[in-house]
Each structure stands twice: as C-alpha cells, then as structure tokens.
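Take a look at the chain below. This report walks through some of its local features, from aromatic rings to loops.

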Amino acid sequence: MRQLLRIRDARVFLLGWGLSMFGDSAMFLVLGIWAKDLTHSNSAAGLVFFVLVLPSLFSPLAGLVVDRVRKRPLLIAVNCFMGAAILLLLFVHGRGDLWLIYVVAALYGMAGVVLYSARSAFLTVMLPRELLGDANAIFSTLREGLRLLSPLFGAGLYAAFGGGVVAVADAVTFAGVALALVFVRTPETQPVREEHHFLTELTGGIRHILATLPLKQIILTTGVCLLFVGFAETLLFAVMEFGLHRPPSFLGVLESLQGAGAILGGLTAARALRRFGDVRLVGFGMALFAVGAGSFASSSLPVVCIGIAVAGFAVSWFIVGFATAIQLRTPQGLQGRVASAADTIVSTPQTVGIALGAGLVSLVDYRALVAMMVLAVAACAAYLLSRRTEAIAPSEIPPAPSSELLSQPQP
C-alpha cells in the first residue's frame with residue numbers, strides 16, 4: 001500500500017472518497033432509524049434499504065453511460081447533484097413525510113450505481129493494474145472501517161438534533177469529494193464511441209462476464225449469496241428488539257463493531273488476494289460471513305458483538321476480491337458495463353432478499369431466517385472454495401474486444 005500512497009492523485013482521490021464514505025455510512029443508518037422512529041415498524045425500516053438497492057436493476061444503462069464519457073467529470077456532476085438532493089430531508093417532519101425518506105433513498109441508489117461503475121473504471125485509468133488490489137483494499141478499509149465512527153456520529157447527531165442536521169452534514173461530504181476530484185490531475189481521453197447497435201453495446205458487460213469463467217463463478221455465486229444476505233438488513237432490527245432488547249439507535253454500536261472487524265480485513269485483503277486469488281478470496285469472505293452471521297440468533301450481547309466483527313472482516317475480503325476480479329479480468333473499454341452488469345446480477349437478488357426479509361420477519365421467528373441465511377451463504381462459500389481457477393496476472397488481461405467479437409454470440 002505504500003507504493004500506492006506515493007501517487008499524488010491516489011492520495012487526493014482516497015481522501016475525498018473517504019469523506020464521502022463517512023457521510024454515506026452515517027446517512028444510510030439514519031434513514032433506517034428515522035423510518036423506524038416515524039412508523040415503529042421494522043418492515044418500514046427494512047424497506048429503506050430495499051429502495052436503496054432497487055435502482056441497481058438499471059445498472060447496465062449506467063455502465064453504458066460510464067463507458068461513453070470521461071469518468072472524472074461524471075463523478076463530479078453526480079456528487080454535486082446528490083449534495084443538493086439530500087437536502088430534501090429537511091422537509092421531513094412527521095409520519096406523513098415518510099415518502100421523502102424513500103425518495104432520497106431512491107436517488108441515493110440511482111447515484112450509487114453510477115458512482116460505483118465510474119469509480120471502478122476511473123481507478124483503472126489512474127493506477128497501474130498491479131496496484132488495483134491495494135486500492136480496493138484501502139477503499140474497503142475506509143468504507144467499512146468508518147463504521148467505527150460514522151454510525152455513532154450519525155446516530156448521535158440524529159438523536160441530539162434530528163435527521164435534518166445529518167442531511168446537511170452529508171451534503172457537505174458530497175461537496176468535499178467533488179472538490180477533491182477537481183484537484184485530481186490524471187489525464188483522461190474521451191472514450192471512442194463504438195459503432196454498434198444499442199442492444200449490443202448494452203449487453204457487452206454481461207457477455208464478457210459469461211465468457212470469463214472466474215468472473216462468472218464469482219458474480220453468479222455472489223448473486224445467490226446476496227439473495228439471503230439481504231435478510232440481514234431487516235434482521236438486525238429484529239435482533240436488537242427481540243434478542244438484545246435494545247433501541248433502534250443501538251444499531252450504531254453494532255455497525256461500529258463491524259467496522260472494527262473490517263479494518264483488520266481490509267489491511268489483510270491485498271496480501272490474501274495475492275496468496276489465494278480472487279475466486280478463493282471471495283469464497284473465504286463468504287465462509288467467514290456465515291460464521292459471523294450465525295451469532296445473530298443469539299440473545300447474548302458479547303456473542304452478537306463478536307459475530308458482527310467477524311462479519312465485518314469477511315465483508316472486506318469479499319469486496320476486495322469481487323472488485324479486483326472485475327477490474328483485472330476486464331478490458332478498458334468494457335470496465336463500466338462489466339461493473340454495472342455485475343452490480344445488477346448481485347443487487348437484483350439482494351433487492352428481492354431485502355423485500356423478503358422485510359415481509360418474513362413479521363411472520364417467521366427471526367432466528368429461523370438467520371439459520372436459512374447462514375446455510376445458504378456457507379453453501380456458496382463451499383462452491384467457490386472448491387473451484388480451481390488460476391489467478392490472473394496483469395499482463396494476461398485480454399485486449400478490448402473488436403467490433404466483430406462484440407457482434408457475435410458469446411459462448
């Protein structure tokens with residue numbers, strides 16, 4: 001990571017994006033708590049996260065946009081837009097304004113699908129390919145590690161002053177990342193427009209995934225995994241209410257513990273990636289998450305705290321393996337579409353899982369849902385860990401496909 005941090009643009013980019021992650025982590029938690037407080041309903045709180053991930057269904061369109069334009073101006077524009085949109089929360093004053101929370105969550109989700117693809121693609125422009133794993137490890141450490149402070153900050157600010165103040169603070173973080181991007185000097189040429197039919201261009205990402213065995217293994221298995229992991233968004237509220245007998249704001253403490261585990265996971269992820277490869281690293285991440293999530297069935301506070309820290313460690317390994325596999329196994333001209341296609345494949349079942357969790361938690365004992373989630377994630381981990389896919393070296397990355405290749409069916 002020292003080599004990465006010697007790069008001036010990498011430091012500026014990481015600083016700005018870390019500020020944005022801080023605001024996002026605090027705001028996501030507050031949106032759920034706010035909905036719970038307004039309605040006294042676990043389902044209403046869980047549906048906030050459902051709305052957040054619902055726009056990922058349109059990720060392929062976002063990926064096509066990302067591949068057609070320069071990434072840095074796009075990142076600046078989207079962050080500025082969200083800095084203004086988040087201020088809609090200043091008009092939430094009672095239960096009748098709950099719809100505004102869902103509107104902001106939807107806008108957050110739409111911006112997120114663009115930012116995810118654009119950031120992933122921009123990193124491949126800004127950094128040498130051998131440093132992408134380290135960059136993803138730092139991002140994972142920042143994002144998950146900020147759970148040590150941002151959830152407590154967000155929940156505390158919300159409890160003391162209300163959600164409107166949290167919204168203003170989040171708007172400032174969006175402005176901060178936009179300003180940091182202004183100072184990034186990495187040259188970026190305008191992408192050359194491909195002369196293909198719209199549908200051919202739109203499906204270029206999914207074609208590449210299906211034609212690249214390691215990507216297909218990682219992404220499709222992750223989709224199955226997240227169908228069940230989606231339960232966790234609502235389950236955590238049930239764990240606090242029925243298992244630990246704590247108020248909704250206590251979720252901030254659990255999120256911070258997850259961040260503590262994620263710091264260790266992020267610090268070790270790049271080395272683990274080089275040792276195990278992307279496919280097996282994702283598999284190990286799933287296995288560890290299953291172990292940590294099993295604690296949610298317990299009514300013991302220490303057990304749940306340890307379990308969620310283990311889950312945080314696991315998330316870092318999983319994210320680094322997943323993100324780096326997409327970047328290293330994809331040609332430059334398809335970076336945005338592959339990232340977006342992957343996002344759609346994994347987020348669609350996650351969206352369904354969140355909706356199912358929000359509905360089932362009122363009908364089924366939450367511990368039965370925890371058991372179902374753990375067994376499914378463990379099975380996905382076992383599948384990936386049984387694969388024998390070789391790790392890819394940066395020099396082995398395939399060139400961008402020709403127009404003849406993209407116009408032909410992929411095997």
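How exposed is F276: buried, partly exposed or exposed? F276 counts as partly exposed, because its relative accessibility is 26%. Keep in mind that this is a predicted model.

**The end of helix α14**

F276 lies in helix α14, while W317 lies in helix α16 (residues 301–328), so their pair ties together parts that are 41 residues apart in sequence. The ring centres of F276 and W317 are 6.3 Å apart, and the planes meet at 45 degrees, so this pair is tilted. Now look at the partner. W317 is buried, because its relative accessible area is 12%; the cut-off for buried is under 20%.

Helix α14 has another feature. A kink of about 45 degrees is centred on A269. Just after α14 comes G277, with a positive phi of about 85 degrees.

**Rings around F139**

How many aromatic pairs are there? The count is 11. One of them joins F13 and F139, whose ring centres are 5.9 Å apart. Their planes stand at 90 degrees, which makes the pair edge-to-face. This pair links distant parts of the chain. F13 sits in helix α2, F139 sits in helix α7 (residues 132–145), and 126 residues separate them. Both F13 and F139 are buried.

The two rings also belong to a cluster. Ring pairs link F13, F139, W17 and F122. A charge joins the picture at F139. The charged end of R119 sits over the ring of F139, at 4.2 Å from the ring centre.

**Residues in loops**

Four loop residues are set side by side here.

| Residue | Loop between | Relative accessibility | Class |
|---|---|---|---|
| H40 | α2 (8–39) and α3 (42–53) | 66% | exposed |
| L90 | α5 (71–85) and α6 (98–126) | 38% | partly exposed |
| P187 | α9 (163–182) and α10 (198–202) | 70% | exposed |
| H245 | α13 (232–243) and α14 (251–276) | 62% | exposed |

Start with the histidines. What is the sign of phi at H40, positive or negative? Phi of H40 is positive, near 60 degrees, and H40 is not a glycine. H245 is not a glycine either, and its phi is positive too, at about 55 degrees. Why does H40 count as exposed? H40 counts as exposed because its relative accessibility is 66%, and the class needs over 50%. H245 passes that cut-off as well, with a relative accessible area of 62%.

Next comes P187. This proline is exposed, with a relative accessible area of 70%. Which separation do the C-alpha atoms of P187 and R70 have? The two C-alpha atoms are 10.0 Å apart, although P187 and R70 are 117 residues apart along the chain.

**A nonpolar surface patch**

L90 leads to the surface. Which residues join L90 in a nonpolar patch there? L87, F91, V168 and V172 do. Together with L90, they have about 420 Å² of accessible area. L90 itself is partly exposed, because its relative accessibility is 38%. L90 is found in the loop between α5 and α6.

**Looking back**

Return to the structure and find three spots. Find F139, which pairs with F13 and has the charged end of R119 over its ring. Then find A269, where the kink in α14 is centred. Last, find L90 within its nonpolar patch.

Note on methods:
Residues numbered from 1 in each chain as written. Predicted model: local features only at pLDDT ≥ 70, side-chain atom pairs only at ≥ 80, totals over all residues. Heavy atoms only, no water. Helix = DSSP H or I, 4+ residues; strand = E, 2+ residues; numbered from the N terminus. Buried < 20%, exposed > 50% of the residue type's maximum accessible area, 1.4 Å probe, protein only. Phe/Tyr/Trp six-rings, centres within 6.5 Å; stacked < 30°, edge-to-face > 60°. Lys NZ or Arg CZ within 6 Å of the ring centre and 35° of its normal. Patch = residues over 30% accessible without salt bridge, like charges linked within 9 Å, V, L, I, M, F, W, Y side chains within 5 Å. Areas by Shrake-Rupley, 256 points an atom, 1.4 Å probe, with all protein chains shown as cover. Salt bridge = Lys/Arg side-chain N within 4 Å of Asp/Glu carboxyl O. Bend = angle between axes of the 7 residues up to and from the residue.
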